[in-house]
Amino acid sequence: MSYGDVNIIAMAGKGGTGKTTITALLIKYLVESNLTPVLAVDADANANLNELLGLQVDVTLGEIRDKMKTETPQGMTKNEFMEIHINQAVIEAKGFDLLVMGQPEGPGCYCMANSILAQVMERLSKNYRYLLVDNEAGMEHLSRLNLRKINTLFVISDPSSRGVLTAARIADLTKALQVQVGQKVLIVNRVPEPLPESLDQHVKDAVEKTDLVFGGYLPASQEIFQKEMAQESLLELSSETPVVKKAFDIFKRFIS
Ligand SMILES: Nc1ncnc2c1ncn2[C@@H]1O[C@H](COP(=O)(O)OP(=O)(O)OP(=O)(O)O)[C@@H](O)[C@H]1O
Ligand SMILES: [Mg+2]
């Protein structure tokens with residue numbers, strides 16, 4: 001199975017490092033650069049990307065998959081059911097769509113259901129130029145979606161020695177997944193000013209030891225903090241905001 005020509009970008013990194021925040025900034029970048037249409041997939045069981053984008057979720061893909069298991073009418077294949085209902089889960093916004101995967105499956109066998117879900121996702125992705133996947137720390141959803149390739153994996157780290165080591169470990173762990181990764185790009189987020197020299201050294205060590213390339217540093221941002229507190233969309237951040245400028249510089253270099 002293949003996802004055709006769609007350019008797939010995924011996030012990895014331990015909890016709370018900024019994967020969802022950076023996904024929102026990446027959506028902003030792609031939309032403002034007219035690199036559309038974009039499908040963003042929230043693959044976190046505790047979905048919250050929609051909140052950073054100011055969007056409301058009515059139904060998740062997981063809920064539709066569960067309905068398919070029990071509610072497919074006679075005379076209709078499960079595949080047809082999924083095909084018809086998937087559109088309900090696609091939230092349409094300006095320049096991009098959002099799909100929320102929702103809670104993982106309960107007990108029982110979901111191999112068949114997940115395989116149908118992957119087929120439907122594959123067909124859906126053909127309508128888009130970019131497919132962004134915001135993961136939770138573990139990357140179970142990647143196998144659920146049956147992604148065989150990821151063009152760019154952003155590995156997000158906090159600004160600490162152990163954080164950077166963890167990012168290096170995550171980069172190595174992805175080798176065990178059945179996913180071909182084009183490039184793995186390290187982003188160190190919430191970096192204090194001035195940049196601590198020792199952090200720079202840890203980053204150099206991590207890049208040397210792994211197949212990570214260094215994307216850049218993103219500053220700890222008062223503007224992100226304020227948006228988050230006011231529960232406002234990060235899409236509304238001004239392009240003059242330092243963190244937005246820095247993030248866009250990185251995206252420009254690694255996303256084509
Ligand atoms: N550069 C930044 N400046 C200020 N605050 C930030 C920055 N990046 C992220 N944050 C804040 O840090 C918190 C965690 O960020 P976020 O939710 O993006 O992390 P995550 O990696 O997606 O977490 P999880 O693993 O739980 O999904 C949020 O409150 C977010 O607003
Ligand atoms: Mg998140």
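Which residue stands opposite V133 in β5? A10 does, and the views below, taken from a predicted model, look at the sheet around that spot.

**View 1. An open sheet of eight strands, with mixed pairing.**
Reading across, the order goes β3-β4-β2-β5-β1-β6-β7-β8. At the edges sit β3 (90–92) and β8 (212–219), each with a single partner strand, so one side of each has no neighbour in the sheet. On average, neighbouring strands here are turned by 20° against each other, direction ignored.

**View 2. β1 meets β5 in the parallel sense.**
Zooming in on residues 7–12 of β1 and residues 130–135 of β5, you'll find the two strands joined over four bridges. I8 stands opposite L131 in β5, and A10 stands opposite V133.

**View 3. β2 and β5, also a parallel pair.**
Here β2 (residues 38–43) pairs with β5 over six bridges. L131 turns up again in this view: L39 is the residue opposite this β5 position.

**View 4. β5, largely enclosed by the rest of the structure.**
Why is that? Six of the six residues of β5 are buried, so there's your enclosure. Y130, L132 and D134 point one way from the strand, while L131, V133 and N135 point the other way. Polar or not, then, D134 and N135 are on the buried list too.

**View 5. Helix α10 packs on the sheet.**
This helix covers residues 242–254 and touches β6 (149–157), β7 (180–191) and β8. The direction of α10 makes about 165° with that of β8, the strand we met at one edge of the sheet.

Conventions. Residues numbered from 1 in each chain as written. Chains lettered and ligands numbered in written order. Predicted model: local features only at pLDDT ≥ 70, side-chain atom pairs only at ≥ 80, totals over all residues. Pairing = 2+ DSSP bridges. Axes fitted to C-alpha atoms, helices over the stretch in contact; angles between N-to-C directions. Contact = placed C-beta atoms within 7 Å. Buried ≥ 20, exposed ≤ 12 C-beta atoms within 10 Å, placed from the backbone.
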